[in-house]
Amino acid sequence: MVQAQALLGECPLWSELEERLYWVDIDGRAIHRYDPASNVDERRSVPGRPGAIALTSEAGRLLVAIEQSLAFFEWESGSCRPWMPLEPEGTGNRLNDGRCDRAGRFWVGSMFDPAASRRFSGMLHRVDPDGRITTMRTGVGVANGLAFSPDGATMYFADTHRETVWAFDYDMTSGDPRNERVFLDFSGLRGRPDGACVDQDGCYWIACVYGWSVLRITPRGAIDRRIDLPVEKPTMPAFGGPGLSTLFVTSIGEGGSRPSTPGQRDPGGLFAIETGTRGLAEPPFDALV
């Protein structure tokens, strides 16, 4: 466990090239890199709120969804080079959850900040490596829960405000999701759906923000495991470490739009859990422009 004291920790992402875990502090306007071998967590400031990151094939170089735009971030120099805008400024939206599909397309959604306003002005975008942007969904509350099955044929997406996770049949050739259906209804569960990942068995792991826990869901939509955490607002799980056998979970500290329950242990910390299962390597995003 890392006592990082992040304001709003999110988007853990394991780099096999570097054997490090990248993750972001949205409200702290920073990208972190954690080395589990030495237990050292480093931090770099960025010029805005980084909602999500993706690996590239170059060690230390990340695609960053920051505010309303995409940029490329270089860890060693700390430089953040703008690439392209995704949404107009001045709407109150910022980019939030994001992930690459198995073919290396970057999917990223947005939300109105503060989330407590409960506005549904968010969007969901697909960014192809050639720079084409396709807006796939509008009317989103808080985009979250993006993940893809091991074979890439199923896509998952959640809206925190709507307390729902959907599954889609996913065409790896075109990048188009079809056959939308409810995968998990959170209305009777503790917390709300936040970030997610998939393990090697195709099970979907999702953080229950405000629910003190992480859930594991089978491909058929059955909850088969709950891991309780010492923090109220876990935000996203990711597998990493040797053999991708450790589940890392980020959390919210003093940031976000709702006060935290007092008396928690290490809110804003990065947690490491041995689950007895393994994750999947994340595909890189490599721009062709």
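Where is Gln5 found relative to β1? I looked this up before anything else. Gln5 sits in the segment before β1 (9-15). I note here that the model is a predicted one.

**Entry 1: backbone angles**

I checked phi of Gln5 and found a value near 55 degrees, which is positive although the residue is not glycine. I then asked whether Gln5 is buried or exposed. Its relative accessibility is 68%, so Gln5 counts as exposed.

Glu67 also has a phi near 55 degrees, again a positive value in a residue other than glycine. I located Glu67 in the loop between β6 (61-66) and β7 (69-74). Its relative accessibility is 16%, and a residue is called buried under 20%. Glu67 therefore counts as buried.

I also looked at the peptide bond between Asp113 and Pro114. This bond is cis, with omega at about 15 degrees. Pro114 belongs to the loop between β10 (106-112) and β11 (122-127).

**Entry 2: the whole chain**

How many helices and strands does the chain have? I counted zero helices and 23 strands.

Next I took the overall dimensions. The C-alpha trace spans about 45 × 45 × 40 Å along its principal axes. For 289 residues, a compact globule would have a radius of gyration near 19 Å, and the chain has 17 Å, which agrees.

I looked up burial for the chain and noted that 57% of its 289 residues count as buried. The chain exposes about 11,200 Å², of which carbon and sulfur atoms supply 46%. For contacts between residues at least 6 apart in sequence, I noted that 48% join residues at least 24 apart.

**Entry 3: a hairpin**

I picked strand β13 (residues 143-148) for a closer look. Six of its six residues are buried, so β13 is largely enclosed by the rest of the structure.

Which way do β13 and β14 run relative to each other, parallel or antiparallel? They run antiparallel, and four bridges join β13 to β14 (residues 154-159). I followed one bridge from Ala147 and found that its partner in β14 is Tyr156. The two strands make a hairpin with five residues between them. In the turn I found Gly152, which has a positive phi of about 75 degrees.

**Entry 4: Ala158 and Gly276**

I stayed in strand β14 to look at Ala158. Its relative accessibility is 0%, so Ala158 counts as buried. Which residues does Ala158 contact, leaving aside its neighbours within four places in sequence? I listed Val142, Ala143, Asn144, Gly145, Thr164, Val165, Trp166 and Pro193.

I used Asp97 as a reference point. Ala158 and Asp97 are 61 residues apart in sequence, and their C-alpha atoms are 9.7 Å apart in space.

I repeated the lookup for Gly276, which is in the segment after β23 (271-274). Gly276 has 81% relative accessibility and counts as exposed. From Gly276 to Asp97 I read 179 residues in sequence and 26 Å in space, C-alpha to C-alpha.

**Entry 5: aromatic rings**

How many aromatic pairs does the structure hold? I noted 14. The rings of Tyr34 and Phe248 have centres 6.2 Å apart and planes at 75 degrees; planes over 60 degrees apart count as edge-to-face, so this pair is edge-to-face. Tyr34 is in strand β3 (residues 30-35) and Phe248 in strand β22 (residues 246-251), so the pair ties together parts that are 214 residues apart in sequence. I checked accessibility for both partners. Tyr34 is buried at 6%, and Phe248 is buried at 3%.

I then turned to Trp205 and Phe239. Their ring centres are 5.7 Å apart with planes at 80 degrees, so this pair is edge-to-face as well. Trp205 lies in strand β18 (residues 204-209) and Phe239 in strand β21 (residues 234-240), and the pair links parts of the chain 34 residues apart. Both Trp205 and Phe239 are buried.

I also found a cluster, in which ring pairs link Phe72, Trp83, Phe106 and Phe285. One of these rings, Phe72, has Arg61 over its face, at 4.1 Å from the ring centre. Elsewhere, Arg44 lies over the face of Trp75, at 4.2 Å from the ring centre.

Note on methods:
Residues numbered from 1 in each chain as written. Predicted model: local features only at pLDDT ≥ 70, side-chain atom pairs only at ≥ 80, totals over all residues. Heavy atoms only, no water. Phe/Tyr/Trp six-rings, centres within 6.5 Å; stacked < 30°, edge-to-face > 60°. Buried < 20%, exposed > 50% of the residue type's maximum accessible area, 1.4 Å probe, protein only. Lys NZ or Arg CZ within 6 Å of the ring centre and 35° of its normal. Rg over C-alpha atoms; globule rule 2.2 N^0.38 Å. Contact = heavy atoms within 4.5 Å. Areas by Shrake-Rupley, 256 points an atom, 1.4 Å probe, with all protein chains shown as cover. Pairing = 2+ DSSP bridges.
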